[in-house]
Amino acid sequence: MKINRIHSWENLTVDDAKAIQEKLADKIILTGELKQVELIAGADMAFSPDGIAYAVVVILTFPKFEVVKIYRGKEAVRFPYIPGYLSFREAPLLLKLFAQVENTPDVVMLDGQGISHPRKLGLASHIGLFLEIPTIGVAKSKLVGEYNPPGVEKGQWSWLTYHNEKIGIVLRTRTNVRPVFISPGNMISLESARRWTLKCAPKYRIPEPTRIADRLVAEFKKSDV
DNA sequence: GCGACAG
DNA sequence: ATCTTGTCGC
C-alpha cells in the first residue's frame, strides 16, 4: 500500500519529535464508522538487548481471523523508548512493512495509544496519518487521563478523559480481567473503535490482530540467531 | 520538588 | 519492552 511521507524520521531530537506531534495532531479525523470489515491488520514489535528491533504486520480475515499474509522486518534501534514518543521508536520499521502490504486492510490495530496521548498523537494516530486508513490504538495500560474502573463483565466500559475531554475508552474484553485502553488512531470514532475492538476479542483480553502479531514477532525474534 | 510514565 | 519457574484460579 502507498504511504504518505508526512515527514522524515531521520536524525530527530526529542524536541523535533514534540514539534512534529503538535503540528500533526490537528490532522486527526475522529469521525468514521467502519461498515463492512473483511481484512484487518495487526502489528507489533519486539526488541533484543543488543539493540535490534523486530516487527511484524499481519493481515487477517474478519470475523474468522485467518492469517492471509505476514510481513516481517528488523533493523537497529534508532530511537530510545521515551513515554510519549513511542512512535519515533516503532513507526519507521512498521511503515516499511506496511509499504509492502498488497491487500490494503479496512482497519489497522496497533499496540499502543491513539489520541490518548499528551499531544493527542500516539502511535496509532501517527501511523494512521501515514496510512490514511482507519487505525485503532489498543494499549495494555494508560499513558494519560483519568477513569473509573468499568464493570467486571466483558463488554462493560468507561470513558478515559483528559483535560475534561473524552479521549478514549477503558474496555473490559474478558470478565474479571484487567481492561484495555482503546482510543481512535485516525479516521474512526470513539464508539466505532470500541465496538470493533470488542468484536476482535472473542476469547482473550488482547484483541486478535495485536495478539497474533505479538505471538508472531516473538517467534520471529526467537528464530533470529 | 514529587509522582506518572504506551512499549 | 526484557530478564524468568512455578503456580493459583477460572
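# Exercises on a predicted protein–DNA model

Phe-65 is found in the loop between S2 and S3. The model is predicted. The exercises start from this loop.

**Exercise 1. Describe the backbone and the exposure of Phe-65, and find the cis peptide bond in the loop between S2 and S3.**

Step 1. Take phi of Phe-65. The value is positive, about 55 degrees, although Phe-65 is not a glycine.
Step 2. Count neighbours. Phe-65 has 17 other C-beta atoms within 10 Å. Buried needs 20 or more and exposed needs 12 or fewer. Therefore Phe-65 is partly exposed.
Step 3. Look at Pro-63, in the loop between strand S2 (52-61) and strand S3 (67-76). The peptide bond from Phe-62 to Pro-63 is cis, with omega near 10 degrees.

**Exercise 2. Treat Asn-164 likewise: is this residue buried or exposed?**

Step 1. Place the residue. Asn-164 lies in the loop between S6 and S7.
Step 2. Read phi. It is near 65 degrees, positive in a residue other than glycine.
Step 3. Count again. Asn-164 has 6 other C-beta atoms within 10 Å, so it is exposed.

**Exercise 3. Assess the overall fold of chain A.**

Step 1. Count elements. Chain A has five helices and eight strands. Their order along the sequence is α-β-β-β-α-β-α-β-β-β-β-α-α.
Step 2. Test compactness. For 225 residues, a compact globule would have a radius of gyration near 17 Å. Chain A has 16 Å, which agrees.
Step 3. Take the extents. The C-alpha trace spans about 45 × 40 × 35 Å along its principal axes.
Step 4. Check burial and contact range. Buried residues are 43% of the 225 in chain A. Among contacts with a separation of 6 or more, 63% join residues 24 or more positions apart.

**Exercise 4. Work out the surroundings of strand S5.**

Step 1. Check burial. Five of the five residues of S5 are buried, so S5 is largely enclosed by the rest of the structure.
Step 2. Sort the side directions. Thr-135, Gly-137 and Ala-139 point one way, Ile-136 and Val-138 the other.
Step 3. Find the partners. S5 pairs with S4 in the parallel sense over four bridges, and Val-108 stands opposite Thr-135. The connection from S4 through H3 to S5 is a right-handed β-α-β crossover. S5 and S8 run antiparallel, joined by five bridges. There, Ile-136 stands opposite Pro-184.

**Exercise 5. Which elements do the buried residues of H3 and H4 pack against?**

Step 1. Take helix H3 (residues 123-131). Nine of its nine residues are buried. They pack against helix H1 (14-24), helix H2 (87-98), strand S4 (107-111), strand S5 (135-139) and strand S8 (180-186).
Step 2. Look past the helix end. Glu-132 follows H3, with a positive phi near 60 degrees.
Step 3. Take helix H4 (residues 190-199). Ser-192, Ala-193, Arg-194, Trp-196 and Thr-197 are buried. Their cover includes S4, S5, strand S6 (157-162), strand S7 (165-171) and S8.

**Exercise 6. Characterise the surfaces near DNA strands B and C.**

Step 1. Start with strand B. Of the 18 residues around it, Tyr-81, Leu-86, Gly-112, Gly-122 and Lys-140 come nearest. By class, the surface near strand B has eight nonpolar, seven polar and three charged residues.
Step 2. Turn to strand C. The residues around it are Ala-46, Phe-47, Pro-49 and Lys-221. Three are nonpolar, none polar and one charged.

Terms used:
Residues numbered from 1 in each chain as written. Chains lettered and ligands numbered in written order. Predicted model: local features only at pLDDT ≥ 70, side-chain atom pairs only at ≥ 80, totals over all residues. Near = placed C-beta within 6 Å. Nonpolar A, V, L, I, M, F, W, Y, C, P; charged D, E, K, R; others polar. Helix = DSSP H or I, 4+ residues; strand = E, 2+ residues; numbered from the N terminus. Contact = placed C-beta atoms within 7 Å. Rg over C-alpha atoms; globule rule 2.2 N^0.38 Å. Pairing = 2+ DSSP bridges. Right-handed = clockwise from strand over helix to strand, strands pointing away.
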